[in-house]
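Here's a quick tour for the bench: first the protein surface around a DNA strand, then some aromatic side chains. Have the viewer open as you read.

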Number of protein chains: 2
Amino acid sequence: MRSEQGDRPARAKRLPRAVRERQILDAATAVFSQRGYHAASMDEVAVVAGISKPMVYAYLGSKEELFAVCIKREAGRLVDAVGAVVDPELAPEERLWRGVLAFFTFVGEYRDSWNVLHRQAGSEGQPFAAEIAEGRRRAIALIGALLAQAAVAEGVPEWFLGETEAMAAALVGAGESLADWWLDHPDESAKAMAARLMNLAWMGFGNLVRGRNWQPPTSAKADAEPA
Amino acid sequence: MRSEQGDRPARAKRLPRAVRERQILDAATAVFSQRGYHAASMDEVAVVAGISKPMVYAYLGSKEELFAVCIKREAGRLVDAVGAVVDPELAPEERLWRGVLAFFTFVGEYRDSWNVLHRQAGSEGQPFAAEIAEGRRRAIALIGALLAQAAVAEGVPEWFLGETEAMAAALVGAGESLADWWLDHPDESAKAMAARLMNLAWMGFGNLVRGRNWQPPTSAKADAEPA
DNA sequence: TCCTGTACCTACTCGCGAGTAAGCCTACTG
DNA sequence: CAGTAGGCTTACTCGCGAGTAGGTACAGGA
């Protein structure tokens, strides 16, 4: 019962540092996503990365540093994905639509990343809760500004300008919650999810109920409406 | 530096079990709220409760059991608060308004309870994440049914009936996020927060931007609009 | 007044997981 | 084909926190 090929993990293949670092980060993201920061153990990260613990420490430092690097990488990916599609030349509605679509596409593609950023951000005691909360706050401010811009363009009454930030917060929450709901309904497309959020944001339930639904600007038909 | 009155915690006053249990639960809710399940220590719960650790174990059992009891109590409070105001006789719009208002009132009153239910529910690895997620799912189903009811009453097109659950999920998320936003803007009233959510839900940004905002049915004016 | 049960305590054990010491192995370099 | 740098490992230490053993003190009944 020994010396067989698959029994013992055996010595890991020698790989250049950059590659191992990526593997460790991937493993750490998966483990943090599944367990949460506190419940995650460095041993498990090492095992998932197919390597021994001291390597993790040698390359990425302490558990807290490792988590920080994970957060930074995943947050960067999300910001890049959204930033790549929101041309400031475009009208607010179109910009919001593209950003929302990019967001859901990202969530669909990098589930663990989303988990680490979203679920682990909540629990306050954790190391980088403040940073993540700050990032979220910036996102809300950005969307709030976009809403305000749209509002001004439409000649909205004064009192409403104070409301855009709160509306943006609600919208961000609605997006997060829809992303969670998506996990339970994996057959939906990112586009359909984005269309749902736009419907809520741009039309409101009061309009939807009267049969008027919002449609994405370029394509012929929103996924939300079959037929 | 001893034998002074305030120096040592001294022996705690003798109290009947029921009272101590309530104190311990209050302390546990506060600690879990602030630290999260994993980072919370039973020692801290004991200190906050003004008591020694073995008492906590004697009365509430293990850490996991203690957490479970906390969750049950706070969830019960929330359910009761909302359930007390949603008369099934009422129209869907009125029912939603009352429920939303009760929700924000609860969050304003029991911050720690809300924290434990909301933030700690997220991190998946934790003991009762499944139960909390289930409760949240039930809430979404309930609101979804309410939306469907409203939709049918308005004679909405067929395709929309499949959308109500997703809309409910978005709405719940929007509510949670607004509750968080509230922490950064504590001067707002529960009523104003509830009015915001109703505006998003019932009118949508598209309507708001045209100056049409939703108003609570009974009172003369929505808090959202001053003047 | 003593006696008993229940509230309460100090002072441990013990396992788990973060972090490390000390060295082994192998792919390039000359 | 020897030398070496850097990839990789085993096998620890050590503190923190869950959970417990074995009591002490106090209120209320005999």
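Which residues are the closest to DNA strand D, and how many surround it? Keep in mind that this is a predicted model. In it, 23 residues surround DNA strand D, and the closest are A:Arg11, A:Lys13, A:Arg14, A:Ser52 and B:Lys53. Of the strand D atoms that come within 4 Å of the protein, 54% belong to sugar and phosphate.

What's the mix of residue classes on that surface? You'll find ten nonpolar, three polar and ten charged residues there.

Now for some individual polar contacts with DNA strand D. Here are three to pull up, each with its distance.

| Protein side | DNA strand D side | Distance |
|---|---|---|
| A:Arg14, side-chain N or O atom | base nitrogen | 2.7 Å |
| A:Leu15, backbone N or O atom | phosphate oxygen | 3.1 Å |
| B:Tyr57, side-chain N or O atom | phosphate oxygen | 3.3 Å |

So much for single contacts; what about the helices? On chain A, α1 (17-35) and α3 (53-60) each give two or more residues to the surface near DNA strand D. On chain B, the elements that do so are α2 (42-49) and α3 (53-60). A:Arg14, with its side chain 2.7 Å from a base nitrogen, is also listed among the closest residues.

On to the aromatics. Over all chains, the count comes to 14 aromatic pairs. Take B:Phe103 and B:Phe104: their ring centres are 5.1 Å apart and their planes sit at 70°, so this pair is edge-to-face, the label for planes over 60 degrees apart. Both B:Phe103 and B:Phe104 are buried.

A second pair on chain B is B:Phe106 with B:Tyr110. Here the centres are 5.3 Å apart and the planes are at 40°, so the pair is tilted. Are its two members buried or exposed? B:Phe106 is buried, at a relative accessible area of 3%, whereas B:Tyr110 counts as partly exposed at 32% relative accessibility.

Over on chain A, ring pairs join A:Phe103, A:Phe104, A:Trp114 and A:Trp182 into a cluster.

Last stop: lysines over rings. A:Lys63 lies over the face of A:Tyr37, 4.8 Å from the ring centre. In chain B, B:Lys63 lies over the face of B:Tyr37, at 4.8 Å from the ring centre.

Notes:
Residues are numbered from 1 along each chain as its sequence is written. Chains are lettered from A and ligands numbered from 1 in the order in which they are written. This is a predicted model: local features need pLDDT of at least 70, side-chain atom pairs count only at pLDDT 80 or more; totals for chains, interfaces and linings use all residues. Side-chain values use heavy atoms; hydrogens and water are left out. Rings of Phe, Tyr and Trp (its six-membered ring) pair if their centres lie within 6.5 Å; planes under 30 degrees apart count as stacked, over 60 as edge-to-face and the rest as tilted. Buried means under 20% relative accessible area, exposed over 50%, partly exposed in between (1.4 Å probe, protein chains only). A charge sits over a ring if NZ of Lys or CZ of Arg is within 6 Å of the ring centre and within 35 degrees of the ring normal. A residue is near a molecule or strand if one of its heavy atoms lies within 4 Å of it. A polar contact is a pair of N or O atoms within 3.5 Å; within protein, one must be able to donate a hydrogen and the other to accept it, and residues adjacent in sequence count only if both atoms are side-chain atoms. Helices (H or I, at least four residues) and strands (E, at least two) are DSSP runs, numbered from the N terminus. Ala, Val, Leu, Ile, Met, Phe, Trp, Tyr, Cys and Pro count as nonpolar, Asp, Glu, Lys and Arg as charged, and the others, Gly among them, as polar.
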